[in-house]
Amino acid sequence: MAVVAVLSIASAGCAVKEFNDDKATNIVEGKPLLLEGEQVSLTQPQVDCGVRSELWEAPVETSPGHSSAHLTQQGRDLKFNDDVLTDPNFHKPYVQVKGEFSLQVISLVGTKDAPDDKKIGEFKVGVKIAHACFSGPLPMMGVKKGVFNEDQPVAFRFRLVDAGWEMDQLLH
């Protein structure tokens with residue numbers, strides 16, 4: 001009986017240190033994350049719904065291929081942080097978010113080792129916004145060479161602490 005107890009404790013300790021794709025996904029989705037000005041993509045129907053719902057004003061063309069839709073207080077209350085923009089360098093309109101948000105992993109690109117016994121996970125991830133205009137998560141843009149990019153996965157760094165693995169940092 002004592003041997004079984006020792007083996008159970010030993011294997012539980014190993015399980016805490018194990019890091020895999022499922023663990024990384026569960027950590028990302030496990031608790032809200034403070035985002036400080038991340039970009040999320042919108043579909044045109046979501047932009048139109050946001051106008052009807054008075055989250056932002058109707059888009060106004062500022063130059064060829066560029067438009068801006070000014071946020072209203074209702075949009076800011078949902079933690080949108082800047083005007084909704086369209087730009088020919090992006091496939092879809094986008095907006096900045098700032099605050100605490102729950103994330104949903106859309107797909108896992110992969111995990112790899114990082115210095116100092118940390119891990120890096122790259123994900124296509126979405127930001128959950130509690131509003132009828134956004135039935136699913138809004139895709140968050142990753143950063144490539146210091147610039148937001150719709151096609152770039154979002155990278156998170158994880159570290160091992162006494163309680164197990166935790167998200168350490170959103171990387172740019």
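**Close-up 1. The disulfide of Cys-49 and Cys-133.** In this predicted model, Cys-49 and Cys-133 are joined in a disulfide, with 2.0 Å between their sulfur atoms. Cys-49 belongs to helix H3, which spans residues 44-52, whereas Cys-133 sits in the loop between S7 and strand S8 (138-139), so the bond ties together parts of the protein that are 84 residues apart in sequence. A search of the whole structure finds one disulfide.

**Close-up 2. The handedness and surroundings of the disulfide.** The angle about the S-S bond is -80 degrees, and the link between Cys-49 and Cys-133 is left-handed. As for their exposure to the surface, Cys-49 and Cys-133 are both buried.

**Close-up 3. The pairing of strands S7 and S11.** Strand S7, which covers residues 118-127, pairs with strand S11, which covers residues 154-161, and the two are antiparallel, with five bridges between them. Within this pairing, Phe-123 is found opposite Val-154 of S11. The loop that holds Cys-133, seen in the first view, lies between S7 and strand S8.

**Close-up 4. The hairpin of strands S11 and S12.** Strand S11 also pairs with strand S12, formed by residues 164-171, and these two strands run antiparallel and are joined by seven bridges. The connection from S11 to S12 is a hairpin that passes through two residues. Across this pair of strands, Leu-160 is placed opposite Trp-165 of S12. Taken with the previous view, S11 is thus seen to pair with S7 over five bridges and with S12 over seven.

Methods:
Residues numbered from 1 in each chain as written. Predicted model: local features only at pLDDT ≥ 70, side-chain atom pairs only at ≥ 80, totals over all residues. Heavy atoms only, no water. Pairing = 2+ DSSP bridges. Helix = DSSP H or I, 4+ residues; strand = E, 2+ residues; numbered from the N terminus. Disulfide = S-S within 2.5 Å. Buried < 20%, exposed > 50% of the residue type's maximum accessible area, 1.4 Å probe, protein only.
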